[in-house]
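This report covers the overall fold, one helix pair and the surroundings of the ligand.

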Amino acid sequence: MKNELNDLTNTEWMISTKSVWLEDESRARIIQDVALRFQEWLKKQEDKDILLERLEQPLPSVLLSTPPQRDDLKIQHPATFAESDIARLILFFTKEGELVLDPFLGSGSTCIAAIGTGRRSIGVELVDKWAGLAQERINRLKYTFQLPLLPDNGNSQQTHLEATVLRGDARVVLKSMETESIDFIVTSPPYWGILNKRADHKVKAERLSKNLPTRYSDQHEDLGNITEYDEFISSIGVVMRECFRLLRPKKYACIIVSDFRHKSRFVAHHTDISREMEKQGYSLEGITILVQNSKSLYPYGIPYAFVSNVHHQYVLVFRKPSVT
Ligand SMILES: C[S@@+](CC[C@H](N)C(=O)[O-])C[C@H]1O[C@@H](n2cnc3c(N)ncnc32)[C@H](O)[C@@H]1O
């Protein structure tokens, strides 16, 4: 097929559609001649030491996600986040022994990260299969337990292992929880209808070929099964409003989401979620980009159009004001 857009090879095309460009990627350099030449030129213009200092500084708004291989249980779930990323957030936003909530628990990653950092946790999950899987992962961890991410200062208590999995619709379950009892909320809401779409290259290669589930459930209460986008966003809002009541004043809630393409439209989902959260009373405090550099590239769009290989997620950081 004739490439009418540019003169790139398929490999170069795929690299160009990756949604984050990292400076140290040698593969990317194939097509970054111009950027490199420009950098060389810049180096000559500025004091070299200052430039190096700037380049070497870790960027606080960008985190590189380097998840370990998912275990045999976790891999069953079609959309998980990495415990290592959540542990970083928990360590930043809470103190040892505080209580963390995830209203969409999935395979239990938040509880695992909380146990690993010596925090108590509660997770809500609608689908029995995933709630059971989360519980199994938590139980498994308890037998082999070491506090891996706490400083060894002799004060850490093994009593901070409490992780509770609550089954049911978050819109109902959260109602029975105590007002202002939670110190930190972290979650990734269900993807809107994305998992119900016809399987693309990625789903075929990474899930169907290995006989792994591709969606959460066919349950009516599963927010991932809502067909209208606006209704989906406001349903996430209903859950997050209840979370707002549970959160202590001045405490934080982090939502991890990515943007996506729906038919011919690219949906800047993180902006819609941010606006909905503001409607529910939270203030947006910042956005951290989580770069998922170990993902595979797929030949989307070749040879017709630009279609992004989305290799990053957003950590949207919200706060509950002191007075509401
Ligand atoms: C993106 S996944 C969360 C994955 C999780 N972060 C992990 O690492 O495993 C969203 C989860 O929300 C659950 N869910 C969907 N609708 C729900 C509802 N109404 N109440 C509670 N959980 C729901 C889905 O079953 C799914 O497991």
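Among contacts in the chain with a separation of 6 or more, 74% join residues 24 or more positions apart; two residues are in contact if their C-beta atoms, placed from the backbone, lie within 7 Å. The model is predicted, with local features requiring pLDDT of at least 70 and side-chain atom pairs pLDDT 80 or more, while totals for chains, interfaces and linings use all residues. Residue numbers start from 1 along each chain as its sequence is written.

The chain has 10 helices and 10 strands, taken as DSSP runs (H or I, at least four residues, for helices; E, at least two, for strands) numbered from the N terminus. Of its 324 residues, 31% are buried, meaning that 20 or more other C-beta atoms lie within 10 Å of their own.

Helix 9 (residues 229-246) packs against helix 10 (residues 269-279) at about 45°, and their axes are 9 Å apart. Helix 9 is therefore oblique to helix 10, a class for angles outside the ranges under 35, over 145 and 65 to 115 degrees. On the helix 9 side, I233, I236, G237 and M240 meet D272, I273, E276, M277 and K279 of helix 10.

The ligand is surrounded by 24 residues, of which T80, F104, G106, S107 and S109 come nearest; a residue is near if its C-beta atom lies within 6 Å. Strand 3 (120-125) and helix 7 (170-173) each contribute at least two residues to this shell.

Residue classes of the two sites are as follows.

| Site | Nonpolar | Polar | Charged |
|---|---|---|---|
| Helix 9 with helix 10 | 5 residues | 1 residue | 3 residues |
| Shell around the ligand | 11 residues | 8 residues | 5 residues |

Here Ala, Val, Leu, Ile, Met, Phe, Trp, Tyr, Cys and Pro count as nonpolar, Asp, Glu, Lys and Arg as charged, and the others, Gly among them, as polar.

How values were computed
Axes fitted to C-alpha atoms, helices over the stretch in contact; angles between N-to-C directions. Buried ≥ 20, exposed ≤ 12 C-beta atoms within 10 Å, placed from the backbone.
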